[in-house]
Amino acid sequence: MSAIHVENLSKVYRTRIKEEGLKASFKALFKPVYKEVQAVDDISFTVEQGEILAFIGPNGAGKSTTIKMLTGILHPTSGRISVLGLDPAEERKKLSYRIGTVFGQKSQLWFHLPPIDSFVLLGAIYDVDKKTLNKRISELTELFELGDILQTPVRKLSLGQRIRCEVAASLLHEPDILFLDEPTIGLDVVVKQSIRQLILRMNRERGTTIFLTSHDAGDVEQICKRAVVIDQGRIILDQPIKNLKYHYLNRKIIAVRFEYPQHLEVPEGVKLEKSTDISARLSVDTRICTIDSAMRWLIAQGGVADITVENPPMEEIIASIFRHKEGRIQ
Amino acid sequence: MKAFRKYWTILRISLQNAFVYRSNVLGGLVFFLIFMFVFFNLWRAIYQSGEVAGYSLVQMVWYLCMTELIMFGCRTGIFSQMNEDVKSGSIAYQLNRPYHYVWYQFFNALGGMVFNLLIYGLMAVIMAMIMVGPIPGFNFATLPLSLISMMLAMFINFFFLMALGLTAFRLEENTAFYLIYQKLVFMLGMFIPVEFLPGWLQAITRYLPFPYMTWAPARLIVAFSWELFWSVVPVQLLWFGLSVILSMAIYRHGVAGIQAHGG
């Protein structure tokens, strides 16, 4: 049985338009004007049990709206959803015992209390008996290396520590599916990496199905086997991550600054996107030129003052997906 | 049994939180003190001698202390909290849990209410004792009965506030309801006893919930009578029930069409 099955799902938001000026405001009092926003537009997909699926797209693409519909918070405008065989909108409470959610930008922990108190509360809310709960807490403490921070008020934790607790908190009732909405947002590279490792382990050891949204290509590359790319409410790509990686995540951006003016003769696989006398922005095709050799070449030029390596932004990846599609049609 | 443990734990943790998060108490205490001091002087000026509409100065000051106590006791920020949760999208975490959202909010606020009642209660009694001294002929045996009425008053106020807060699920702007509600609570029982209102307004007020949030328990404290007790407590129970039903109905209507913002 599939864990999540979605058919022709759509969500339309109705928002009030406010025009400028006093007269318009007065008019709106009696005759409000509404604008319809199509947040999710006729999407269909299936997630198998034990799968890790990345749901990626730029901000405002409809990722969170989809998660909120899958977890029963928002009711769809049209279409069908089945999560673990349940209809989220109709059987929200029943479903809630079997799923966990983490919203990276929000907190489910009590800000002034240590995480352990929130864990006890969540345990009671999910009807986990005390013995099982204590066992779960000590398992998760070990897995997430929570140790001392369990007793520290949440307001005193770093973002990375807090997110680790947030993820642990949503696993206390051993959900079958874990929904992660931008879990790594705002974290530094090292913490991001450790959260990714944890998610992978959860999946391997417990077989937890993972549905992850992100606008960070790094999350996707490293932990997911399949990616669904969504843009303006529509699915534009649903492929194994291997394909995505080969076709669209094959570039890295290197920004470099020199101590003295340099003239660059770029090797094969490297494209000069922008440059001044003492700085350059390079796009590296990693299929042709590895990051390792690109860096060696740069250092060999001499006088490097600063270097950053980044993934291309999500918007660029999406643009190249569209270009690729059009190319195939022609 | 499971449900009991669930809601009891919510109450316990929220009480714990109230004790840890004390910074807003100090501001509240200062506000309470200033408010009482100003109105004490006002009433003293008005009361040159004797009684007004069945209240002596001592009773009037105690009355005000008690209605203030109820209002400060209910200061859990339920209305603004709900608005904020909907606008920031934090509501997403609270809705997909295996509990009834309305009862969750109630037990969550109850911790704060119990805490407020202890702190402000102590403050109210001390202030009234300093300003006017004890109520002549006060009978401690009837205090528990007055406290039951006071508890009901707080619950009624809480559930009406929650009902107003729940409109945020559907409406973008609902602060006006809150402001109107606050003024009505203030005028119809909190600031002045119902007996002071003109006859026609008294007649209308009897059919509104407002006096049962403030006047009823405060009057019981300053001038207890069994007749009064049996005439107000059943009405309080009725308003309590109605306010819960109203909250549930608005919740059910709201949650089906919630517009969760915040990405």
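**Close-ups of a predicted two-chain model**

**Figure 1. Where chain A meets chain B.** Put together, chain A and chain B bury about 3300 Å² between them, and carbon and sulfur atoms give 57% of that area. Keep in mind that this is a predicted model. On the chain A side, 37 residues take part in the contacts, and they touch 34 residues of chain B. The count of salt bridges between chain A and chain B is one. Look for B:Lys6 and A:Asp127 to find a salt bridge between side chains, with N and O 3.6 Å apart.

**Figure 2. Chain A as a whole.** Before zooming in further, here is some orientation. Chain A has 330 residues, and 52% of them count as buried. Its C-alpha atoms fill a box of roughly 65 × 60 × 50 Å along the principal axes. Trace the chain and you'll pass through eleven helices and 13 strands. Among contacts in chain A with a separation of 6 or more, 71% come from residues 24 or more positions apart. As for the outside, the accessible surface of chain A is about 16200 Å², and 50% of it belongs to carbon and sulfur atoms.

**Figure 3. Inside the nonpolar core, around A:Val83.** The largest nonpolar core takes in 183 residues. Those with the most contacts inside this core are A:Ile4, A:Val83, A:Phe119, A:Phe211 and A:Leu244. Apart from this core lies another one, of twelve residues, including A:Leu264, A:Ala280, A:Val284 and A:Ala294. Now pick out A:Val83: which residues are in contact with it, leaving aside neighbours within four places in sequence? They are A:Ala3, A:Ile4, A:Leu70, A:Pro88, A:Leu95, A:Ile99, A:Ile177 and A:Phe179. As a bit of background, nonpolar side chains tend to be buried together in soluble globular proteins.

**Figure 4. A:Val229 and the residues around it.** A:Val229 sits in strand β8 of chain A, which covers residues 226-231. Is A:Val229 buried or exposed? With a relative accessible area of 0%, A:Val229 is buried. If you skip the neighbours within four places in sequence, A:Val229 is in contact with A:Ile56, A:Arg234, A:Ile235, A:Ile236, A:Leu237, A:Leu244, A:Ile318 and A:Ile321. Another residue to find from here is A:Ile241, twelve residues away from A:Val229 along the chain, with 11 Å between the two C-alpha atoms.

**Figure 5. A salt bridge between two strands.** Over all chains, the count comes to 17 salt bridges. The one in this view pairs A:Asp41 with A:Arg234, whose closest N and O atoms are 3.0 Å apart. A:Asp41 is in strand β2 (residues 33-48) and A:Arg234 in strand β9 (residues 234-240) of chain A, so this pair ties together parts that are 193 residues apart in sequence. A:Asp41 counts as buried, at 18% relative accessibility. A:Arg234, on the other hand, is partly exposed, with a relative accessible area of 45%.

**Figure 6. A salt-bridge network that includes A:Glu174.** Four residues are worth finding here: A:Arg136, A:Glu139, A:Glu174 and A:Arg206 are linked in a network of salt bridges. Start with A:Glu174 and A:Arg136, where the closest N and O atoms are 4.0 Å apart. This pair links distant parts of the chain, 38 residues apart: A:Glu174 is in the loop between α6 (159-169) and β6 (177-181), while A:Arg136 is in helix α5 (residues 130-143). A:Arg136 is buried, with a relative accessible area of 4%, whereas A:Glu174 counts as partly exposed at 35% relative accessibility. Next, follow the side chain of A:Glu174 to that of A:Arg206, where they meet in a salt bridge of 2.7 Å, N to O. Here too the pair links distant parts of the chain, with A:Arg206 in helix α7 (residues 189-206), 32 residues from A:Glu174. A:Arg206 is partly exposed, with a relative accessible area of 43%.

**Figure 7. A nonpolar patch on the surface of chain B.** Which residues make this nonpolar surface patch? B:Val30, B:Leu33, B:Ile34 and B:Val38 do, and the patch comes to about 340 Å². B:Val30 belongs to helix α2 of chain B, which runs over residues 23-46. With a relative accessible area of 47%, B:Val30 is partly exposed.

How values were computed
Residues numbered from 1 in each chain as written. Chains lettered and ligands numbered in written order. Predicted model: local features only at pLDDT ≥ 70, side-chain atom pairs only at ≥ 80, totals over all residues. Heavy atoms only, no water. Core = buried A, V, L, I, M, F, W, Y, C linked by side-chain atoms within 4.5 Å. Buried < 20%, exposed > 50% of the residue type's maximum accessible area, 1.4 Å probe, protein only. Contact = heavy atoms within 4.5 Å. Patch = residues over 30% accessible without salt bridge, like charges linked within 9 Å, V, L, I, M, F, W, Y side chains within 5 Å. Areas by Shrake-Rupley, 256 points an atom, 1.4 Å probe, with all protein chains shown as cover. Helix = DSSP H or I, 4+ residues; strand = E, 2+ residues; numbered from the N terminus. Buried area = accessible area lost by both parts, 1.4 Å probe.
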